[in-house]
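Welcome, and please load the model in your viewer. We will go through it one selection at a time.

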Amino acid sequence: MNAAIRLPVEQVYAAELQALARGDDRQKPAGWSLSPRAVLTYLMGGKAGDGTAISPKYVGRRQLMETAVATLATDRALLLLGVPGTAKSWVSEHLAGAIMGNSTLIVQCTAGTDENQIRYGWNYAQLLAKGPSHDALVPTPLYRAMQEGKLCRLEELTRMGSDVQDTLITVLSEKMMPVPELNTSIYAQRGFNIIATANNRDKGVNELSSALKRRFNVVVLPLPEDMNEEVSIVSRRVGEMAGGLDLPVPKNVGEEIARVLTIFRELRSGATADGKVTLKTPSGSLSTAEAIATMVSGLSQAAWFDGGKLHAEGLAPSLVGAIVKDPVQDKVVLEEYLETVLKKRPDYAGYYAALNAAI
Amino acid sequence: MAQGGISYFGIRHHGPGSCESLVKALQELQPVAVLIEGPVDASPLLPLLASSDMKPPVALLCYPEDDPAATSFWPFAEFSPEYQAALWAAANNARLRFIDLPSAARLAGPGPEGSMEADSGGAEATELRAEEVARIQDPIGTLARAAGYEDGESWWSDIIEQNPEPGPIFAAIADAMTTLRDGETSIGRFEAMREAHMRLEIAAARKEFDGPLAVVCGAWHVPALRAAHTQKSDQALLKGIGRRKTMMTYAPWTGPRLALGHGYGAGVVAPGWCKHLWQTRGRRDASVFWLARIATVLRAKGHMISTASLIEAERLAQALAAIRERPKPGFEELRDASIAALFNGEALLWKMVEAELLLGADVGEIPPDTPLAPLIDDLQRNQKAARLKPEALERELSIDLRSESGLFRSTLLHRLNVLGVSWGTLTDVGRSRGTFRERWMLAWQPEYAVRLVENLIHGPTIEKAANGRLIQMIGAAATLDALATLVQSAITAALSEASTAGLAALEEKAAHSSECLELVDSVPPLADIIRYGEARKTETERLAGLLERLIVEGSIALPYAARDLDAQAAAALTGALRKADEAIKLVEPTQDILDAWRAGLAAVLESSRSTALVAGCAAHLLYEAGRLSADATADLLAKRLSPGTQVLDAAAFFEGFFSGAGQRLIYDEYLRGAVDAWLASLDEEAFVAHLPLLRRVFSNLDSMERRRLIEAVLGKRASLPAGLTPTPDGGEAWRRHFGLLRGLIAGEPSHG
C-alpha cells in the first residue's frame with residue numbers, strides 16, 4: 001500500500017480521466033491526452049461519454065476555465081493570478097494532470113531560485129572530469145517539459161527575482177532554450193507549455209516585466225462570490241486546523257465566523273452586505289485565508305487565555321492586524337467603517353467596542 | 001415567406017444582423033412599396049428620415065399637442081433595419097409607409113408595452129408580464145439566450161453563417177416565431193389592436209400598389225400578420241381608439257439613450273457593438289476591428305497595448321469559439337479573450353471601458369427643416385402659464401415663493417438656467433431659497449431658442465431636458481463639493497430625477513473621497529438644502545443620513561488633513577471649517593454627530609503636528625461650542641503663545657483663533673482676561689516680538705470696534721454696547737413673547 005500523504009491528481013482521479021479519454025472522439029491538440037472539451041468537463045464536472053460521473057474540481061465561473069483551457073490550446077502560456085486561497089495551484093495541477101497526465105513537472109519559485117533551477121544545472125564532478133558536455137548537464141523540470149512536449153508548472157512566479165523570471169522570455173516566445181556552453185539549443189516539442197501561478201495582492205514581490213507579462217494570457221481567479229460558500233470554506237478549514245493544533249472549538253464559532261466574514265467581505269467589496277452604503281477598501285487583500293488565520297488565532301486566544309470562550313475581544317487584535325496593513329490609510333478606513341456601519345448594528349456592539357479599543 | 005406578392009421580413013429592432021439581411025433581401029425583391037412598423041400618422045415624415053442631412057441616431061417623437069411630457073419615441077440608429085429600409089426605398093423610388101397604430105392610440109393607451117386588459121395585479125403577474133414583454137419585443141434575443149448566447153447579434157450571425165441566403169433566413173425566423181407563438185391563447189388587447197391595424201394597412205396597400213410589397217416588422221408579429229383575419233373583425237377591434245391630436249418631429253439622439261429601454265420597442269443592449277457589427281458587415285476580419293477599438297480606448301486611458309497582444313487576443317478568441325463550438329468568435333469570446341490577453345485578467349478594467357465601448361458617444365443630427373421642436377413648444381406653453389413674456393430688454397422681476405404662481409415662475413427660471421438658457425439671472429445671488437423672495441433680471445436673447453433645440457437630446461420637455469442635462473453633469477462632476485452644489489441646484493429647480501441621481505452619486509463619492517477639504521466643503525450646501533428643505537421627505541431623510549456621514553468622515557479625516565499644511569492650504573481648510581461648523585450648528589444633528597465633529601476638532605488641537613492656523617481655528621470653534629472652558633482656553637492660549645513657541649506658529653495660532661472673532665474680545669470678558677493676562681505676563685522684549693501678530697488680528701476690526709475694545713479693556717464701558725443691557729430673566733420673558741408671536745403668525749384668534 002502506498003503511504004504517501006497525497007498523490008498527484010492524475011493518480012487520484014485516474015478513473016475519471018480514463019473514462020473521459022474513452023468517450024473522447026473530438027480533435028486533440030498535439031500532445032494532449034484529452035480534447036479541450038473533455039478537459040473542461042473534467043474541471044467543471046459533468047458526465048463522461050460512457051456516463052461516468054465526473055466530480056467538479058473548480059467551483060466558480062465556467063468562462064474562466066474556458067479561457068484557461070483555450071489559452072493552453074493556442075500554445076500561449078497561462079498565468080493564473082489571484083489572492084492566496086483562490087485555488088490557483090489546485091487549478092494548475094488539475095489542468096496539467098488532465099491535459100498531459102502528468103502534473104509533477106513543477107518548479108516552486110522562491111527568492112532563492114536562480115537560473116540553474118530554471119534552465120539547467122551542471123554536475124560539477126562530470127564537468128571537471130570531462131568539460132562541458134551533455135552528460136554533465138542536469139536538466140530542470142522546464143528543460144524536461146520542453147524536451148518531452150509536456151506542461152511545466154511554475155508556482156508563485158513573482159516570488160522569483162526579475163532577472164531569473166526574464167529567462168523565460170526566450171522560452172515562451174521562441175520555444176527554445178539556448179545552451180551556449182555546448183553551442184546548441186533545446187527546441188520545445190509540440191505540446192510543451194507553461195502554467196504559472198502568482199499572487200496579485202502581495203507586496204514586496206517581483207512584479208513581472210511587461211515583456212514577460214505580454215507572453216502570458218492571464219486568468220484572475222476571484223474570491224468566492226457567495227457568502228454562504230465562503231462561510232462553509234472557512235468553517236471547514238478552521239475546524240481542520242483547530243483539530244491539528246488540538247484546540248477546542250467553542251459552540252458559538254459558527255456565529256463568530258459569520259460576523260468576521262461579514263466584516264471581511266464588506267471591507268473587501270467596498271460596500272455593505274445590503275449594498276446601501278459604499279465603503280473605502282483597505283490596502284490588504286482580506287482573503288478567505290486571512291479570515292481563517294484570524295479565526296484560528298482567536299480560538300487559540302480563547303483556549304489558552306480566555307477559559308475557552310470565544311468573543312470579540314479575543315478576535316479584535318488579529319482582526320485589526322488583518323485589516324490595518326498601512327498604519328495611516330487603513331486605520332482611517334477601519335475607523336470610518338466602525339463609525340458609519342458597525343456602530344449602528346446592535347449585534348456587532350462587541351466588535352465595535354473591541355475594535356475601537358484595539359486600534 | 002412571400003404571400004400574395006407580399007413579403008414579410010421579421011426583423012430584430014436595431015439588429016445590425018437582420019438589417020444586413022434585410023437590405024440584401026430588398027435588393028433582390030425590388031418591392032414597389034415598403035411598409036414599416038411605425039405610427040401610421042407619421043408616414044408623411046418618413047421621407048425626411050431618408051434625407052441626407054439626417055444623421056442617426058435620431059428619434060421620431062410624437063406627443064399630444066397639450067402634453068409634451070407624454071412623448072413616445074421611435075429611435076433609429078444607422079443599423080436599425082427600419083432606417084435602412086427607408087434609405088433603400090428612397091434610393092429605389094419605392095413608396096414608404098408606416099402601418100402601425102396611429103401615435104394617438106399609443107398615447108391614449110397605457111404605453112407601448114402595457115396592455116389594456118384589466119390589471120390582474122400582484123407582483124407575480126407583473127414579473128410574468130416583464131418576461132412576456134421581453135419575448136414580444138425581442139423574440140430573437142430570447143431564442144439566443146435559450147441557445148446559451150449572451151448577445152443576440154452573435155447568435156444571429158452564427159445562424160446566418162449556416163444559412164448564407166438572405167431569403168431563407170427570414171423564412172426560418174418566421175417559422176421559429178410561429179413555433180414560439182404556437183399555442184398562444186390570448187395576447188394583450190393593445191398588441192392585438194396593433195396587429196389588426198397592420199393587417200388592415202397591408203390589405204389597403206395591396207389594393208393600392210401593383211407589384212411586390214415588403215413588410216418590415218418585428219419578427220414577433222410575422223405569424224399574426226400572415227394569418228387570415230376578416231377585415232370586419234379587425235375593424236371591430238380598432239373601434240374607439242384614441243384620436244388625440246399629436247405633434248410629430250425628429251430629434252437628435254445619442255448612443256447612450258439608444259441603450260435605454262424607455263419609449264418604443266426594446267432598447268439596444270450595446271449600441272456601440274451593434275454599430276461595429278454594421279460597419280464591418282461582410283468582413284472576415286471584423287473581430288480584429290473590435291479588438292482594435294478596445295485597444296484604442298485602453299490606450300486613450302494610458303494603458304500600453306501592443307499590436308502583438310491584439311494578435312494573441314484574436315487567437316484566443318478563435319480558440320474559445322472552438323471550445324464553445326461556435327462557428328466564429330462572437331461578443332462573449334472577444335470579451336473573454338481581451339480580458340485574458342489585453343487586460344491582464346482584470347475584469348474590472350473591462351468594466352471601466354465597457355460603457356465607452358458598448359454605449360458609444362454618438363450624437364445624431366437633424367435637417368434644419370425639421371418641424372417645430374417640442375422644447376420650444378413647451379417653453380411657450382410654460383411662459384403662458386407663468387404669464388411671462390420673453391422680452392429682449394432687461395426687466396426686473398421679484399418673485400414671492402410662498403405663492404404657487406411665484407414658485408412656478410422661479411422653478412421655470414431655475415430649470416432654464418440648468419439648460420444654459422439664462423433668460424433670468426438671480427440678482428441676489430447666494431442662498432436662493434434662504435428667504436421667500438427672489439429677485440431676477442430677465443432678458444431674452446434669440447440664441448436661447450437654438451440652445452433649447454440643442455438640449456433636445458436630453459429630453460422633450462423643459463423639465464425632462466433639465467433633468468437629463470443635470471444628470472449628465474452629475475455624472476461628469478469630479479469633486480464632492482461640485483456634486484453637492486449640483487444637487488442643490490437640482491432641488492432648487494425641483495428636478496426630482498436629477499436630485500435622486502445626484503444623491504446617489506454623492507453617496508458613492510462620499511464613500512471614496514478621503515480628501516478632507518472636499519468632505520468639509522460639501523457640508524454647507526447640503527445643510528442649506530436640508531434647512532430650506534423643499535425636497536421631498538424621503539430625499540430629505542436620505543440627505544440627512546448622507547450629511548451625517550459626511551460630517552463623521554470629515555471629522556475622522558480632519559486630524560490627518562490638518563498636518564503640515566502650507567499657508568494657502570491652511571487658510572482654505574480654516575475657511576471651510578468655519579463654514580462647515582456654522583452649517584452643522586444650524587442643521588442641529590444628533591448629539592453623536594456633534595460629538596464626532598468636535599472630537600475631530602479636539603484631535604486637531606491636541607496633535608502636535610497640526611498646522612497652527614488650523615489648530616487655532618479648532619480651539620476657537622471648541623470654545624464657542626462650550627467644549628473648552630474659559631480657564632482652559634486661557635491656559636491654552638498662554639501655552640500656545642508662550643515664548644518657547646516659534647513666533648510664526650504662535651502668530652498663526654492666534655490668527656486662527658481670532659480671525660473673524662476679534663469682536664469676541666470686546667464682549668467676552670473671560671477671553672479678554674485670558675489674552676490680557678497673557679499680554680501682561682510678557683516681558684518687554686517678548687511683547688515687542690508679538691506686536692506684529694496682535695496688529696494683524698486687530699487690523700481686522702474696524703475703527704469703531706477697535707475703540708470699543710480699548711474702552712472695554714480700560715473698563716470705561718459695560719461689556720455690551722449701550723441699550724443692550726441683559727435682563728436677569730431675559731430668557732423667560734422672551735419665551736412668553738415668542739409664544740404670543742407664534743400665535744399671531746399662525747393666525748390664531750387672539751385671546752386677549
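How many residues of strand 3 (residues 77-82) of chain A are buried? Select strand 3 of chain A and you have the answer: six of its six residues are buried (20 or more other C-beta atoms within 10 Å of a residue's own, with C-beta atoms placed from the backbone). Strands here are DSSP E runs of at least two residues and helices are H or I runs of at least four, numbered from the N terminus.

A word on the source: this is a predicted model, where local features need pLDDT of at least 70, side-chain atom pairs count only at pLDDT 80 or more, and totals for chains, interfaces and linings use all residues. Residues are numbered from 1 along each chain as its sequence is written, while chains are lettered from A and ligands numbered from 1 in the order in which they are written.

Stay on strand 3 of chain A and colour its two faces. A:Ala77, A:Leu79 and A:Leu81 are buried on one side, and A:Leu78, A:Leu80 and A:Gly82 on the other.

Next, add strand 11 (residues 216-220) of chain A, which runs parallel to strand 3 of chain A and is joined to it by five bridges (strands pair if DSSP finds at least two bridges between them). Here A:Leu80 stands opposite A:Val219. Now show strand 10 (residues 193-199) of chain A, also paired with strand 3 of chain A in the parallel sense over five bridges; its A:Thr197 is the bridge partner of A:Leu80.

Conventions
A residue is buried if 20 or more other C-beta atoms lie within 10 Å of its own, exposed if 12 or fewer, and partly exposed in between; C-beta atoms are placed from the backbone.
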